[in-house]
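Reader: Hello! I am new to this structure and would love a close look at one part of it, the nonpolar core and the helices around it. Could you walk me through that part step by step?

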Amino acid sequence: MATKRIASKVHKQASRLLREGYIQREPAWYRAVLDHPPLPLPAREPPSRSPFDAPLNVPLTRPAESKKIQPLKVQYVEDEVRRQFFRDHPFEAFRQRSLVEGAAVESEHPIRGAEWTRLRQRGRNPTSEDAIRYAVNLYEHHGMDLSSAYASAVAQFRSLRSELQTARAVALTEAEHLGMEFGPSQVEITFAKEEKAFNTFRESAAESQAAETERKRWKAVVEREGPPEQWTRGQEYTRLWKEGVRPVYAPVFVEPEIKPEGLASPEQEAQRVATSADYMNLIQARRGTSTRSR
């Protein structure tokens, strides 16, 4: 009669049979199951966790009376330190950082573990990741609590950044004193690009206005005499029409006539313009008709 076996006990039973000599050779699945054993009963209960990637101050196993079957969150110590670091130093996130992976994985720095006692040991210009790793290193290898390790790492990080900023300011002052001329800064280059873009907008607007004026060249352009608020309700236009004066809508294309005695008077100029505008002799014919009728 076959005996029902529970999945979580099969590898244990196989271990006992191998130890007593009932099985002469290890099954092909034996080592893999030992490295990754099946889930314990009940089947949906998460297995026990190591403290390496578990949240801090959280029990690694849930009580038996707990009804929650979700596994614990995967959380590393670096995550908490990194979150607090960028909360205290938000502008560090704006520094350029390359995320391109090379052909090989970057090897670990030779100074690590118990040998890493000062942040300066990895350079005078540490990055944010160097400060985070240093805090975790103090927590894991030097017996410091996480708060003290973070405070020590941040203090050394700020001190090194201050030293670097002071050294750069002194070097800049010395270079300017010796006659060094530096090019435009990145801010000035950005402003120049912005001004260039604005100039293209102005040129395009001027070209558009010129093209619009060319399209409207032969349309009516009326120049009124006197203040613009004077409105005759068409009486002036009717009077000129009865007198046979034809309105000219393009005075900019009419040049005054120069005679030996000088320029013509405004009345003579208006009469000359009206006569030149009567290219079909309509006004003269109308005057002749009105004279005959009289």
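Author: Gladly; here is a short walk from the whole chain to the core and then to the helix contacts.

Please keep in mind that this is a predicted model, in which local features need pLDDT of at least 70, side-chain atom pairs count only at pLDDT 80 or more, and totals for chains, interfaces and linings use all residues. Residues are numbered from 1 along each chain as its sequence is written, and side-chain values use heavy atoms, with hydrogens and water left out.

Let us begin with the overall layout. The protein has 9 helices and 2 strands, where helices (H or I, at least four residues) and strands (E, at least two) are DSSP runs numbered from the N terminus. Along the sequence they follow the pattern α-α-α-α-α-α-α-β-β-α-α. Of the 294 residues, 16% count as buried; buried means under 20% relative accessible area, exposed over 50%, and partly exposed in between, using a 1.4 Å probe and protein chains only. Among contacts (heavy atoms within 4.5 Å) with a separation of 6 or more, 49% join residues 24 or more positions apart.

Now to the core itself. In soluble globular proteins, nonpolar side chains tend to be buried together. A nonpolar core here is a set of buried Ala, Val, Leu, Ile, Met, Phe, Trp, Tyr and Cys residues joined through side-chain atoms within 4.5 Å. The largest one has 18 residues, and those with the most contacts inside it are Val77, Val81, Phe85, Leu119, Tyr134, Tyr150 and Phe157. Helices α3 (77–88), α4 (128–141) and α5 (146–177) each supply at least two of its residues, and the largest share, 7 residues, comes from α5.

Phe85 is a good place to pause. Beyond its neighbours within four places in sequence, Phe85 is in contact with Glu92, Ser128, Ala131, Ile132, Tyr150, Val154 and Phe157.

Next, see how α3 meets α4. Their axes come within 10 Å and cross at roughly 130°; axes are lines fitted to C-alpha atoms, for helices over the stretch in contact, and angles run from 0 to 180 degrees between N-to-C directions. The two helices are therefore oblique to each other, because angles under 35 degrees count as roughly parallel, over 145 as roughly antiparallel, 65 to 115 as roughly perpendicular and the rest as oblique. From α3, Val77, Glu78, Val81, Arg82, Phe85 and Phe86 meet Ser128, Glu129, Ala131, Ile132, Ala135, Val136 and Tyr139 of α4. These contact residues divide into 9 nonpolar, 1 polar and 3 charged, where Ala, Val, Leu, Ile, Met, Phe, Trp, Tyr, Cys and Pro count as nonpolar, Asp, Glu, Lys and Arg as charged, and the others, Gly among them, as polar.

Then turn to α3 and α5. They pack at an angle of about 45°, with their axes 12 Å apart, and that makes α3 oblique to α5. Here Val77, Val81, Gln84, Phe85 and Asp88 in α3 meet Leu146, Tyr150, Val154, Phe157 and Arg158 in α5, a contact of 7 nonpolar, 1 polar and 2 charged residues.

Finally, look at two residues of α5. Ala151 lies in this helix and is partly exposed, with a relative accessible area of 46%; its C-alpha is 8.2 Å from that of Ala135, 16 residues apart along the chain. Ser152, also found in α5, is partly exposed at 24%, and Ser152 and Ala131 are 9.6 Å apart, C-alpha to C-alpha, with their positions 21 residues apart in sequence.
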